[in-house]
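Student: I'd like to learn how to read sheets and helix packing in a model like this. Can you walk me through it?

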Amino acid sequence: MATNLKDLSAKLGLSQTTVSRALNGYPEVSESTRLRVMQVAKEMNYAPNARAKRLATGRTMTIGHVLPVSKKHEMVNPIFADFIAGAGEVYSANGYDLQLSVVEDVDEEGFYRRLAARGTVDGMVVHGPKVNDMRVPLLTELGMPFIVHGRSSDVDLPYNFVDVNNRRSFERATSFLLDLGHRRIALLNGFSDMDFAARRAAGYSSALATRGVSPDPDLMLHDEMTEAFGYDAMRSFFEMDNSPTAVVCSSIIPAIGVRRALWDAGLVMGKDVSVIVHDDDLSYFRNGGDVPEFTAVRSSVREAGRRVGEVLMDMIETPDAPVRQVMLEAALLVGQSTGPAPAFLDAQNNGTVT
């Protein structure tokens, strides 16, 4: 027999009202009580009655995710899957379903307007924000609760977001390579109109400028972050008279292409060319074992999904709550893919570097 709210409240020794409010994140319930209720609910395999909750609250109990697709790029990828897994945990615990819609980017504005008019979702998650993204003012105008996974530069409106500190992460990654003596450092980045890519490029350029190194536009490439992009980019660098000794990759996926290109050329990653990546700590795409294969700035996209879900639940329950803007920091993990620049290492061995 399925556990119901009455069974759960009896087990906890709390009123059904208190248990319900704890499960739904009401602020008047203490954090210790909420955590205890969530733990016992999990142990008893309690699943909220979504139909009853819809009738009681007038809500659809559904969260919308709209994925724009175009000829240029595809949003459905391993990173998106981990994000959805994290957010879905929170939705499920609160009795919400997920509605996933895939639309052509040329019809995106019309789709959002139709979605708001139909009233089929209680809140929205915005994916892949661009610089000056039109969806932020649009959803603000429509009055629909929404949160952005990422941020949008040049949007002068208060809005909720969860983002990783991309600029600081790539300053740190580039500085790490500079400390190893590298000066010819390439950047393999996402499309330049994507906000995360613009911030990462800014961090990379800032780190170079701080050391008096002028960024070389020929070493800064933007494209969809696929394995083929990494492979083709590295092959093109080999054709330069002065090819880079290090590469910063915006994802572990193109870094695998870089590794393949190095292998084909008979070069050793970490010795002949150093590689550092942004690692989303993917569940089914691990960065090595106890010792990471790639040196990385790591931030879990699954955890970002959880945080997005939590903030969105709070927004729906408390519409007048202050804007929440969550900034996640990336950790630097030293792996096997980086080492001193060849010329720097030669100088060390010859005793000319102290």
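Tutor: Sure, starting with the sheet. This is a predicted model, and it has an open sheet of 6 strands in the order β7-β6-β8-β9-β10-β12, with mixed pairing.

Student: Which strands are the edge strands?

Tutor: Look for strands that pair on one side only: here those are β7 and β12 (331-333). On average, neighbouring strands of this sheet are turned by 15° against each other, direction ignored.

Student: In what sense do β10 and β12 pair, and over how many bridges?

Tutor: Strand β10 (residues 295-298) pairs with β12 in the antiparallel sense, over 3 bridges. To see the register, find Val297, which stands opposite Leu332 in β12.

Student: And which strands do α9 and α10 touch or lie across?

Tutor: α9 packs on the sheet and touches β6, β7 and β9 (274-279), with its direction at about 170° to that of β6. α10 lies across β6, β7 and β8, and runs at about 150° to β6.

Student: How do I read the packing of two helices?

Tutor: You describe it by the angle between the axes and the distance between the axes. Take helix α8 (residues 166-179) and helix α9 (residues 195-210): they pack at about 35°, with axes 7 Å apart. The crossing of α8 past α9 is right-handed.

Student: Which residues make that contact?

Tutor: From α8, they include Asn166, Phe170, Thr174 and Leu178. The α9 side includes Phe196, Arg200, Gly203 and Ala207. By class, the contact has 7 nonpolar, 5 polar and 4 charged residues.

Student: Why might residues spaced like that point the same way?

Tutor: An α-helix has 3.6 residues a turn, so residues three or four places apart point the same way.

Student: Is Thr174 buried or exposed?

Tutor: Thr174 counts as buried because its relative accessibility is 0%, and the cut-off for buried is under 20%. Leaving out residues up to four places away in sequence, Thr174 touches Ile185, Tyr204, Ala207, Leu208 and Val248.

Student: What span should helix α10 have?

Tutor: At 1.5 Å a residue, the 12 residues of α10 (residues 227-238) should span 16 Å, and the end C-alpha atoms are 17 Å apart, so the two agree.

Student: Which residues of α10 are buried, and what do they pack against?

Tutor: The buried ones are Phe229, Gly230, Tyr231, Ala233, Met234 and Phe237. They pack against β6 (185-189), β7 (220-222), β8 (246-249) and α11 (252-264).

Technical notes
Residues are numbered from 1 along each chain as its sequence is written. This is a predicted model: local features need pLDDT of at least 70, side-chain atom pairs count only at pLDDT 80 or more; totals for chains, interfaces and linings use all residues. Side-chain values use heavy atoms; hydrogens and water are left out. Axes are lines fitted to C-alpha atoms, for helices over the stretch in contact, and angles run from 0 to 180 degrees between N-to-C directions. Helices (H or I, at least four residues) and strands (E, at least two) are DSSP runs, numbered from the N terminus. A crossing is left-handed if the near helix is turned anticlockwise from the far one by less than a right angle, and right-handed if clockwise. Contact means heavy atoms within 4.5 Å. Ala, Val, Leu, Ile, Met, Phe, Trp, Tyr, Cys and Pro count as nonpolar, Asp, Glu, Lys and Arg as charged, and the others, Gly among them, as polar. Buried means under 20% relative accessible area, exposed over 50%, partly exposed in between (1.4 Å probe, protein chains only). The expected span of a helix is 1.5 Å times one less than its number of residues. Two strands pair if DSSP finds at least two bridges between them.
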